[in-house]
Amino acid sequence: MSDNNKAVVDIDRSVYDIKDVENEQDFYRMEDGFTEDIVRKISEEKHDPEWMKKFRLDSLKIYNELEMPDWGPDTDELDMNLISSYVRSKSDMKGKWEDVPEDIKNTFERLGIPEAERESLAGVGAQYDSELVYHNVKDEVADQGVIYTDMESALTGEYSDMVHEYFMKLVPPTDHKYAALHGAVWSGGSFVYVPKGVKVDIPLQSYFRLNAAGAGQFEHTLIIVDEGADLHFIEGCSAPKYNVANLHAGCVELFVKKNARLRYSTIENWSKNMYNLNTKRALVEEGARMEWVSGSFGSHTSYLYPMTILKGDHSTMEYTGITFAGKGQNLDTGAKVVHQGKYTSSLISTKSISKSGGIGTYRSSVIINKEAKHAKTSVSCDSLMLDSISRADTIPGMDIRTNDADVGHEAKIGRISDEAVFYLMSRGLSEADARAMIVSGFANPVSKELPLEYAVEMNNLIKLEMSGG
Amino acid sequence: MSEQTLLKVQNLSASVEDLPILHDINLEIRPGETHVLMGPNGAGKSTLGYTLMGNPHYRVTNGTITFDGQDLTKEPADKRAKAGMFLSFQNPLEVPGISLGSFIRNAYHEQTGKPVKLLQYKKQLGEAMELLTMDDSYADRDLNVGFSGGEKKKAEILQMLMLKPKLAILDETDSGLDVDAVRTVSKGIQEYQKQKDGALLIITHSTKILEALHVDYTHVLVKGHIVTTGDGSLVEEINEHGFEKYVRCEGCDGCNPNN
Amino acid sequence: MDLNMKVNHLPALTYRFLKSNNSQIEINDLYIENTKTPEPENIPAAVSVKSDATEADVKAIFEDANNKIKAKKTELPGPNGDTAPLNDGQVVRTGMGVEIDNLMAEMNVPVTVITAAEGTEVKEPVFIRYALKDGDCVLGSQVIHALKGSEITVIMEYDSDTDAKGFIGIQTRLLAEEGAKINLIKVQMLSEGIMHFDDIGGVCEDKASIDSIGMQLGALNTWGGCRVTLLGRKSKFNNHTGYLCRHKQTYDMNYVADQMGEKTESEMIFRGVLLDEAQKIFRGTLDFKSGSAGSVGDEQEDTLLLSPDVVNRTMPMILCQEEDVDGRHGATIGQLGDDTLFYMQSRGIGEEEAKRLMIRARMESIARMIPDEALIIRIQQFIRTIL
């Protein structure tokens, strides 16, 4: 790669890595660990309604009873006693960018968040550590009746009944250990409701920044797209690199009602000390469509498998994902789908790249229930190995319980072909540029699903990974 | 040739996935007649072939198909085959594990319900394969597996010769074949014509395959309508002038250009 | 005795809710009366048979290969949820795993060792025939050892009386030395009252190859495992499995191509049909280990589902620790396609007959690879009888 490009790349890295000093007088930090006492304190701090307080305590009990999964990446180095469940700025959430505290504003401005809002987003939420610090929805979108607010306001405000009805119903705390933990200590996140028939033309976005060392982020995202409505929601995540482990155990619950459509895009670039144990799930009703676009670049360790339940007849899902596992990373990602309705269809297409000792695992499950007559599924996963000290594993599972299903599965693993590198070099590219170009091409089916500025960001991340050790 | 009608298609309309393709088709074929169905790409020629044979993807929305006195409009393909209808596919099925020879034997048995006399069957098969210049070994090869385009077409004609249908619909049997292969396939068709009362509906958009065949009627299909019907000489006319005069009213879906 | 074993471990664990990480064999009140492998038939001059070898003898046979395997071990991390440590104690890693070794040891099962002399090529197959009578409970263990540059074909046939009830568990281990080739054919046509497991483990040295053909046509519950370690440079593993499960039959399998050497090749093909309330779980893994540069692997699964009550589980994995490899897996699962059915019908073949024809075609496409005409005819007859 030319020096010129390298310079650009280095600046990019520094953008994500700036650590903003959080002094005690401006920030509130919960003591480390997860005890009943701490959970009660969080609940108090957040003025929870009574049901939520009970929900948290019940979840904590479940958390203590459940075991860690035995099948995924190792999490031995994650010491839960050293994680703070709750860190927030002492200033309140702002609806105007100018009012956000200077230091936090600087962080987001370096990441280009307000700029993106002005240019191409219908609304933006920005979470800094455990709480949203900024939230804004464009007037024309709000006028359509679209609700986009932080979870805390939703919990106590006008929509409290709706939150009560849906909160952790799709991902119950009993689902797995980190779902239980989430139920106990969650804070922050967004609530979105798109009324019947409303099509939101431009995307809404949430940006998550975990700035504090040794902290956990447990935001909860609840989106309800009502009948016939249409929404694109974008999620971005980043954090500076610390030498201690950080934990992200968010939860995303998506309800896509009859004939609605939801696209959920994520570019995840957590720093490489992050344990990303996130749970995302969508319930898709009759004739509705769920689309996932997912790019996983950051984190030390990831367990991430967005799940779609195709409940209604003729509901469909499409998952497009890319994972780039570099040095020191163990990224275990993929998708899960359950076909319940008749004439449902799913399409999973993933790309995975492993380099410099990184471990990239594609893991999935496709379940077609007996009632899901005429279901159709197609899975295709490609892995690319860039050297021989890394790993690329493909671990799909299928459970088909009706004959009236059409199931196709394809997996490939390979390397960058010497011929392709030679061809590009014969056209004047350096070897490094040639390889980077081939990897970008490999990732293209994913980047073309993203809005332009995110596709550019993703390509920059790929370049960064290709040049870095 | 004015015997009783073998195939009678009345006011037939058909759709694929709710898209109407065929409109109000009327067609009569008597035993022993050779009909040619021509038309530009996308006119619905193959759709007509599939609809006549009863492909479930093609839904009859109106009209009837009567064959040999029976109304077959709603019958599945195997009933139609048993009644004596045959369709030569453009892309025939490949089945690993079952040989061409044993497939034909199975089909023959299913159609006639009679046990196959093995010696006589082998003799017939040998003769037909020789006529089609197919090597004996093809009978033992898996059905269409690894066959070239030409070999697949020959294998279809071979099945026609062995199963002796009353009406054979040949769907673009000549497409993608070289001159020699077209000649061979044509020889097979002539052999079938020699059979007593074997009727043919030849779907094609070229005229090469028709050179050595006697043609009784030619139909031109445009945008799902039979826009004109003539005798064998119409083939030559189209050969010279193409379909242009039949497709002149762009955007019009229902008129007859001869009016 | 009571059998209670965990077998067929996925090489890397996955979600627990898929219930596929391993399988449990639970059979109570089993009285094993026979542990001796039937006398192999049709033994050519170049082949020798020793019918009472011990596990120590087997260890000695594989010692050299095992040392080479040990020397290739690296410090690089295994896959997430690696199950290799569970089965590290095996003399030869097999598909079903260490608990089969433990059972054979506990029951003192003698090992029949079939050895092909160096440089000899024997085309005529050696036969081992099991014919079970009602109530028979059998264990058996064999080693097929092809010395340098030899080729040997062994056909194992499992038959039983109609309606016989019983049990038969077999372990067959293979060593193909440099340039040698082992063709192993196993055909199972047991009655539906019989429980059956069949465990295979093999090692291929430089330029050696193992070709295996398996046909599972009967029995009530079948567990099958096959793991071949492609240790040597340019070694090869080919597998063709055909299975037909109906009624309440189950087939539980675990196939692994463990590609260690440079430029190794594996090809695994699975063709099956599920009818009635049959259940099957397929685990198939291509494992490209560090050092397997230039290797290729291909795994294809094709399953025809012919009843609304079948359960089909499929776990096709590719594990990879080497850059310069080419691995692929494909699976097609579903009922008879509309186009297939229409073509058949257009030739006068009705739906039911078309299904029978397609079942026979699938089984036939595997059966015809067996180098024994008489056995192919027996298979055809067996299929005809049960359909």
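In what order do the 6 strands of the open sheet with mixed pairing stand in chain B? In this predicted model, the order is β6-β9-β10-β3-β11-β12 (chain B).

**The six-stranded sheet**

The edges of this open sheet are formed by β6 (85-88) and β12 (225-230) of chain B, each of which pairs on one side only. On average, neighbouring strands of the sheet are turned by 20 degrees against each other, direction ignored. Helix α1 (residues 45-53) of chain B packs on the sheet and touches β3 (34-38), β6, β9, β10 (199-203) and β11 (217-222) of chain B. The direction of this helix makes about 145 degrees with that of β9(B).

The edge strand β6(B) pairs with β9 (residues 167-171) of chain B in the parallel sense. Within this pairing, Met85(B) stands opposite Leu167(B) of β9(B).

**The four-stranded sheet**

A further open sheet of chain B holds 4 strands in the order β2-β1-β4-β5, and its pairing is antiparallel. Here β2 (19-29) and β5 (70-71) of chain B are the edge strands, each with pairing on one side only. Strand β1 (residues 7-16) of chain B runs antiparallel to β2(B), and Ala14(B) has Leu22(B) in β2(B) as its bridge partner.

**Two strand pairings**

The table sets out one pairing from each sheet.

| Strand pair | Sense | Bridges |
|---|---|---|
| β6(B) and β9(B) | parallel | 4 bridges |
| β1(B) and β2(B) | antiparallel | 7 bridges |

Definitions and conventions:
Residues are numbered from 1 along each chain as its sequence is written. Chains are lettered from A and ligands numbered from 1 in the order in which they are written. This is a predicted model: local features need pLDDT of at least 70, side-chain atom pairs count only at pLDDT 80 or more; totals for chains, interfaces and linings use all residues. Two strands pair if DSSP finds at least two bridges between them. Helices (H or I, at least four residues) and strands (E, at least two) are DSSP runs, numbered from the N terminus. Axes are lines fitted to C-alpha atoms, for helices over the stretch in contact, and angles run from 0 to 180 degrees between N-to-C directions. Two residues are in contact if their C-beta atoms, placed from the backbone, lie within 7 Å.
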